[in-house]
Amino acid sequence: MSTTRLSTLPTYFISHGGGPWPWMKKEMGHAYDQLEAALADMPRQVGRTPAAILMISAHWEESAFTVMGNPRPPMIYDYGGFPEHTYSVRYDAPGSPELARRVQALIEAAGLPARVDAERGFDHGTFSPMAAIYPKAEVPVVQLSLRRGLDPAEHIALGRAIAPLRDENVLIVGSGLSYHNLRAFGPQARDVSKAFDDWLDDAVVAATPQQRVERLLQWSTAPAARVAHPREEHLIPLMVAVGAAEGDAGERIYHEDAFMGGIAVSSFRFGEAAA
């Protein structure tokens, strides 16, 4: 009996928004409508339900690349100053200890340090966007940490190491923000966020795959780079998504020039969408 080989899944870098925004529509009004619509469109682009999602969240850093191995991940409310009800929200997707072990093995095979954390839960870099992408929480989700030091080359290498998962029906998603400076947020960030966002779009969409890697390795020399990212943890998940789809074209799938009153923000897909 013949079997049909599934197509290679794309990878994503998404801007995940602020805190528990999917549970704050009354307070936020329409501020997140465009981001929510872009995230909700991802299953259509993927074209099928993946076996699992591997989420690289900006909100988790460890000394070695660490994979969530909890079969029933708890919630980590890693934010402050939000309404009381946001500290009891739930996103009850299952984990996958089997996938966690597979990810660890791939990373170690590439000569990078890796371990499994059997207790870790979902932080808001995962559960907030996932509430828009798969609101029924039916797809298993495993988080993968960044490594302290936030070396771009090391995280591109991480992406290369886990690239085989794309042919195993695992969707790789880097979750951060294309602009993350909480001290310069709103209309005053209009010009600097646009300068960096324009550079980012050129670097990951217009450039060839080889040029893309070269430019991302030197991201801190980009216009307004250190204003856009005083600390780069929200940009580094992009490096993983790029490394895992190194030869594929990039496409900007979400963009706003006036997010939260004036910030330019974007999300990107690497690899083809389903027909």
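**Open and closed spaces, salt bridges and a buried arginine**

By class, the residues lining the largest pocket come out as 11 nonpolar, 8 polar and 1 charged. The model is a predicted one, and this pocket is a handy place to start looking around it. The space inside the largest pocket amounts to about 270 Å³. Its lining is made up of 20 residues, and those closest to the centre are Gly-17, Gly-18, Gly-19, His-124 and Leu-182.

Next come the closed spaces. Rolling a probe the size of a water molecule over the atoms shows where empty space is left. Searching the whole structure turns up just 1 cavity of 30 Å³ or more, and the largest cavity has a volume of about 40 Å³. Around the largest cavity sit Trp-21, Met-24, Lys-25, Met-28, Gly-29, Tyr-32, Asp-33 and Glu-36. Sorted by class, that lining holds 4 nonpolar, 1 polar and 3 charged residues. Two helices take part here: α1 (25-28) and α2 (33-40) each give at least two residues to the lining of the largest cavity.

Two of the residues in this lining, Lys-25 and Glu-36, also pair up with each other. They form a salt bridge in which the closest N and O atoms are 2.8 Å apart. Since Lys-25 belongs to helix α1 and Glu-36 to helix α2, the pair ties together parts that lie 11 residues apart in sequence. How open are the two partners, by relative accessibility? Lys-25 counts as partly exposed, because its relative accessibility is 45%. Glu-36 comes in at 22%, so this residue counts as partly exposed too; the cut-off for buried is under 20%.

That pair is one of 18 salt bridges in the structure. Another one joins the side chains of Lys-194 and Asp-198, with 2.7 Å from N to O. Here both partners are found in helix α7 (residues 190-206), where they are 4 residues apart, or about one turn of the helix. Lys-194 has a relative accessible area of 39% and is partly exposed. Asp-198, at 38%, is partly exposed as well.

A third example brings together the side chains of Arg-231 and Glu-233, which meet in a salt bridge at 3.2 Å from N to O. Are these two residues buried or exposed, or something in between? Arg-231 is partly exposed, with 42% relative accessibility, whereas Glu-233 is buried, with a relative accessible area of 11%. The story does not stop at a pair, either: Glu-61, Arg-231 and Glu-233 are linked in a network of salt bridges.

Finally, there is Arg-269, found in strand β8 (residues 263-270). What does the side chain of this arginine meet? Arg-269 is buried, because its relative accessible area is 5% and the cut-off for buried is under 20%. Its side chain makes a polar contact with the side chain of Gln-45, at 2.9 Å. A polar atom of the Arg-269 side chain also lies 3.0 Å from the backbone oxygen of Gly-271. Setting aside neighbours within four places in sequence, Arg-269 is in contact with Pro-10, Thr-11, Tyr-12, Gln-45, Ala-249, Gly-250, Glu-251 and Ile-253. Gln-45 thus turns up twice for this arginine, as a polar contact partner and in the list of contacts.

Conventions: Residues numbered from 1 in each chain as written. Predicted model: local features only at pLDDT ≥ 70, side-chain atom pairs only at ≥ 80, totals over all residues. Heavy atoms only, no water. 1 Å grid on protein atoms, 1.4 Å probe; cavity = no way out; pocket = protein on both sides within 12 Å on 5 of 7 lines; lining within 4 Å. Points joined across faces, edges and corners; volume = space filled by probe spheres on them. Nonpolar A, V, L, I, M, F, W, Y, C, P; charged D, E, K, R; others polar. Salt bridge = Lys/Arg side-chain N within 4 Å of Asp/Glu carboxyl O. Buried < 20%, exposed > 50% of the residue type's maximum accessible area, 1.4 Å probe, protein only. Polar contact = N/O pair within 3.5 Å; in protein donor to acceptor, adjacent residues only side chain to side chain. Contact = heavy atoms within 4.5 Å.
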